[in-house]
Structure formats: C-alpha cells, structure tokens
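Please find below a short note on how the two chains meet, set out as numbered points. It begins with the term that the later points rely on.

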Protein chains: 2
Amino acid sequence: MGKNQIPQYKKLYELLRKHILSGVYEEGSFLPSENELCAVHNLTRPTVRHALEALVRDGFISKRKGKGSMVRKPPQDIGILSIAGTISAIGKQYLQTQILQKPKTIAWPTDFHFELTDAEKDFGCIYMERLRFVDEMPVFYDINRIPNINLPRFTSRTFENKSLFDTLRSHYQIEIKGGEQKLKAIKADKKISQLLKIPKGGPVLFLERKLSTNREGFYIYSTIYFNSDKHAIFGVF
Amino acid sequence: MGKNQIPQYKKLYELLRKHILSGVYEEGSFLPSENELCAVHNLTRPTVRHALEALVRDGFISKRKGKGSMVRKPPQDIGILSIAGTISAIGKQYLQTQILQKPKTIAWPTDFHFELTDAEKDFGCIYMERLRFVDEMPVFYDINRIPNINLPRFTSRTFENKSLFDTLRSHYQIEIKGGEQKLKAIKADKKISQLLKIPKGGPVLFLERKLSTNREGFYIYSTIYFNSDKHAIFGVF
DNA sequence: ATTTTTAACTTGTATATACAAGTTGTGTAA
DNA sequence: TTACACAACTTGTATATACAAGTTAAAAAT
C-alpha cells in the first residue's frame with residue numbers, strides 16, 4: 001500500500017478544522033459521531049478519537065460524554081497563546097506583515113533571557129524584526145532569533161507575505177511542536193510607542209517565547225510587544 | 001473486580017506528576033519507557049500513552065520518537081495560563097490568599113464581558129474577591145463570579161487557606177475541564193494601584209477568563225489583575 | 001582501527017474489539 | 001396524562017496486537 005507520508009488522524013484533523021473554519025459545521029452544532037466518522041473515512045475509532053482530541057486541544061470543539069462533539073466559536077481576538085494546530089500561531093487571517101529588519105546573522109545577546117546551549121552559542125543567531133498590522137493599525141512588533149544551524153540561504157529569503165513558520169516548514173521541514181512563554185505588562189518606551197502608535201509610557205503586553213521544533217535542540221526565540229488597546233490576546237486551555 | 005472510580009490512566013498521571021514534582025525523576029532525565037511502565041503498573045501501552053499525553057500537555061515531560069520521555073524543568077513563574085492538570089491553576093505552592101469580599105449573592109452586571117445564558121441570569125451570581133500574595137507582596141487581585149445554581153451553603157463556607165477550586169471539587173464535585181481567556185495590558189486605576197502596591201497608571205496585566213466544568217452549562221468567570229513587576233505569567237503549550 | 005551492518009531498543013500510528021457510562025427519545029404501565 | 005423502564009444512541013476507558021520509524025550501541029566486515 002502506498003504510504004501517504006502524513007498520518008490518517010492528522011489528515012482528518014486538517015479536514016475537520018477546515019470545515020469548521022469555513023462554516024460547513026456551524027458554531028453550536030454537532031460534528032458527526034465518532035462512529036459515523038469511522039464509517040465515512042474508513043478509520044477505526046481510536047484513530048478518529050486521536051483527531052478529535054487534537055481539535056479539542058486547539059479549541060475547535062468541545063466533547064461531552066453521551067452527547068457528542070460540539071463546534072465552538074472560533075476565537076475573535078488574536079490567538080498567540082496556543083499554537084492552534086500545525087499551521088500558524090496567529091488566528092486572524094488578515095494580519096499583515098512589514099519587515100523592519102530582514103534576516104541577518106548576528107551574535108547572541110550577552111544576557112539573553114533564555115539559557116542557550118553551547119551549540120546555539122557557537123553558531124550565530126539569525127535576527128529579524130517584524131511589525132504586524134490588523135486593519136492597517138500596528139498591533140504587535142516581534143523580534144525573532146533563530147540559531148543559524150543548517151539553514152542554507154535563509155537570510156536571503158523574503159518574508160513579506162509569507163509566515164516565518166510557513167517558510168521554515170516548507171523549505172527546511174521544521175515544524176513547531178510547542179513551547180513556553182512568559183508574559184508581563186510593561187510601559188512602552190520611546191521606540192515601542194512610536195512603532196505601535198501608542199502614548200509613551202502606555203501599557204504594553206510583553207511576551208518572551210521559546211518554541212520547540214521537531215529538530216533536536218533547535219529552538220526559536222521570540223520577543224513580542226503587543227498593543228492591547230484595540231485587541232486582546234486570546235487563549236484556550 | 002472492585003471499581004476504583006478514577007480511571008487507570010489518571011492514576012498513573014497523578015503518580016508520575018507527583019514523582020516529577022518531588023524530584024524522584026530529575027529534570028533532564030528520562031522516564032521509564034512505555035513498555036516498562038506497562039509492566040510495572042500492569043497496564044497496556046495505549047493506557048500508559050494516555051497518561052503520558054496528559055503529562056506532555058501539562059508541560060511535565062517532552063517526548064521524542066526513538067528516545068523516550070524527558071522530564072522538563074517545572075515552571076519558575078506563576079502559571080495561570082494553563083490548568084496544569086486536574087489540581088489547580090497556580091504553579092507556586094506558597095501563594096497566600098486574603099479574602100477581600102466573602103462570597104455573597106448579587107445580580108449579574110448589566111454589561112458583562114461574556115455572554116450569559118438565561119439560566120445563569122435567572123439564578124443569581126455568587127461574587128467574591130481575593131488578593132493573593134507571593135513573599136508577602138500582593139501579586140494578583142481576582143474577582144470570581146459563579147452562577148448560584150445548586151450550591152447549598154456555598155456563601156457560608158470559608159476560603160482562607162483553601163483554594164476555591166478545591167472547595168468546588170470536594171464539596172460539589174465540580175471539576176475544571178478547561179476554559180478560555182483574554183489578556184490585555186492596562187493602566188492601574190486608583191483601586192488597583194493601592195491593592196497591588198504599584199504606582200497609579202502603571203502597567204498591569206488584565207485577564208478575563210471563562211472556565212468550563214464537568215457540569216453542563218456551569219461556568220466560572222474570573223477577572224484578574226496581575227502585578228507583573230516582580231513575577232511573570234508562565235505558560236506551556 | 002575504521003566503517004558498515006545489524007539488532008535491540010525507543011515512541012508513533014493503526015486496527016479490532018469490548019464494555020462502562022452519560023444522554024435522549026420512545027414505548028409501556030400506572 | 002404522567003411516571004417509569006428501556007432501547008438506542010453518544011463518548012470514555014481499556015485490552016491486545018501489529019508494524020512503522022527514529023535512536024543507539026554492539027557486532028561484523030572492511
């Protein structure tokens with residue numbers, strides 16, 4: 001039998017996810033039962049349940065014993081707290097990106113906020129800055145640091161309309177598996193206030209993230225300044 | 001065979017969790033392999049994997065194909081982003097609680113930030129306020145609203161040294177299953193600045209949460225003001 | 001001695017099956 | 001009509017098994 005590479009449960013997950021987001025399954029309605037999904041897609045129940053577990057984890061459905069799997073309302077705000085599946089960390093589709101600093105190789109900061117391995121220190125650090133907009137208003141400014149390990153031609157790529165994570169996945173087979181993050185509320189300094197168009201000293205959400213990937217010891221570090229005046233950060237757990 | 005009520009995979013989860021937190025399995029070391037856990041606890045691999053999946057979800061271990069399950073460093077900061085298992089939403093153990101407003105029944109606010117069902121509106125709302133300390137410094141102030149549905153004698157209970165969630169679980173069999181939350185950074189008004197001992201206008205983390213429970217249609221609503229000057233909010237995903 | 005192959009581990013995916021337990025509508029008995 | 005029992009659904013838990021695929025170290029070949 002020909003191997004399709006990507007597992008069955010993930011294919012079912014992506015399919016149902018797409019159908020929920022496109023409105024085939026409306027908010028508040030119920031998905032077909034596990035047994036129906038088995039019959040339709042020719043799978044066994046553990047496999048179907050594996051897919052549904054992922055949908056629960058990412059906040060697309062909620063299950064209830066004896067009843068079924070109810071479709072949840074897709075998040076209204078910007079969801080960068082959870083990975084939201086295998087695709088991206090951003091919920092809103094119409095997020096626009098401006099590259100402030102194209103990827104360049106620099107040294108790691110001397111006092112970095114996460115511990116680095118020797119391997120990470122030895123190789124350089126690919127550095128880039130982006131400003132992201134919703135409705136043409138700046139919403140967050142992020143600084144990304146990626147260890148320069150086996151990423152040929154990375155600094156010459158363009159990221160204007162493509163997600164950083166999409167590029168990593170399609171060109172380097174690097175997928176985000178999870179991560180950890182710290183959140184604070186801080187005062188905007190001059191630079192941040194100008195970038196995000198908020199008063200100096202105003203409150204800004206500040207995130208430091210360390211994302212783990214399917215590559216051993218390969219982490220992506222992000223620092224994010226978020227203007228929570230108009231939008232909130234949303235998370236499901 | 002006598003029914004033990006709580007499922008096997010959850011028992012194994014709680015056991016391994018306890019051993020990780022108490023240091024039996026050190027950070028960076030590997031858990032016994034799935035097959036070993038099967039043999040030791042007389043379980044099958046799907047059941048053991050179910051327990052390990054929960055440990056991964058809550059950030060206690062990370063798995064790698066071909067290698068094993070590595071124990072992760074327990075979070076240093078205050079983890080109220082994820083439920084962290086079945087127990088509580090708070091990572092730090094030495095969190096102290098002061099009740100500012102003992103539970104009392106009031107009406108729901110007219111412009112509540114989450115949609116309420118008719119059932120929730122009809123019954124009243126149990127309201128309570130708490131101030132929580134780490135190292136004798138106020139860290140966060142939270143307002144909790146619980147629909148007054150079938151909770152006899154709730155307002156006369158004491159919560160000084162007991163978690164709200166522990167009380168709900170032990171007296172009313174209500175368990176938190178998950179939830180959603182929104183985050184913002186806001187300026188401290190006079191009340192918040194006095195409570196959290198920060199300058200007026202200083203940045204404060206602001207959270208609005210809706211927690212779902214094992215009881216149909218029963219949600220707990222929390223509003224949290226977090227002083228992120230000394231501590232950060234931590235999350236794994 | 002060095003390189004390659006193999007074997008023995010590990011976790012990942014998948015099938016097949018069974019029963020427990022919560023939910024809901026229907027049909028029967030009061 | 002009303003109350004209750006039951007059947008037919010739903011998801012939850014668990015067993016037993018098989019093979020795929022990544023990792024590692026020992027064995028074999030060069």
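1. A salt bridge is here a side-chain nitrogen of Lys or Arg within 4 Å of a carboxyl oxygen of Asp or Glu. The model is a predicted one, and by this criterion the side chains of Glu180(A) and Arg72(B) form a salt bridge, with an N to O distance of 3.1 Å. Between chain B and chain A the count is 2 salt bridges.

2. Beyond the salt bridges, there is the count of polar contacts to consider: 8 residue pairs are in polar contact between chain B and chain A, with both residues at pLDDT 80 or more. On the side of chain B that touches chain A, at least two residues each come from strand 6 (176-187), strand 7 (203-213) and strand 9 (233-236) of chain B, and strand 6 of chain B gives the most, with 10 residues. Sorted by class, that side of chain B holds 16 charged, 14 nonpolar and 9 polar residues.

3. As to extent, chain B and chain A each bring 39 residues to the contact, and the area buried between them is about 3,000 Å², with carbon and sulfur atoms giving 53% of it.

4. On symmetry, chain B is superposed on chain A by a rotation of 180° with 0.0 Å of shift along its axis, at an RMSD of 0.1 Å. The two copies are therefore related as by a two-fold rotation axis. The same surface serves both copies, in that 100% of the contact residues of chain B recur in chain A.

Notes: Residues are numbered from 1 along each chain as its sequence is written. Chains are lettered from A and ligands numbered from 1 in the order in which they are written. This is a predicted model: local features need pLDDT of at least 70, side-chain atom pairs count only at pLDDT 80 or more; totals for chains, interfaces and linings use all residues. Side-chain values use heavy atoms; hydrogens and water are left out. Contact means heavy atoms within 4.5 Å. Buried area is the accessible area (1.4 Å probe) that two parts lose on being put together, summed over both. A polar contact is a pair of N or O atoms within 3.5 Å; within protein, one must be able to donate a hydrogen and the other to accept it, and residues adjacent in sequence count only if both atoms are side-chain atoms. Helices (H or I, at least four residues) and strands (E, at least two) are DSSP runs, numbered from the N terminus. Ala, Val, Leu, Ile, Met, Phe, Trp, Tyr, Cys and Pro count as nonpolar, Asp, Glu, Lys and Arg as charged, and the others, Gly among them, as polar. Copies are superposed by least squares on the C-alpha atoms of residues with pLDDT of at least 70 in both.
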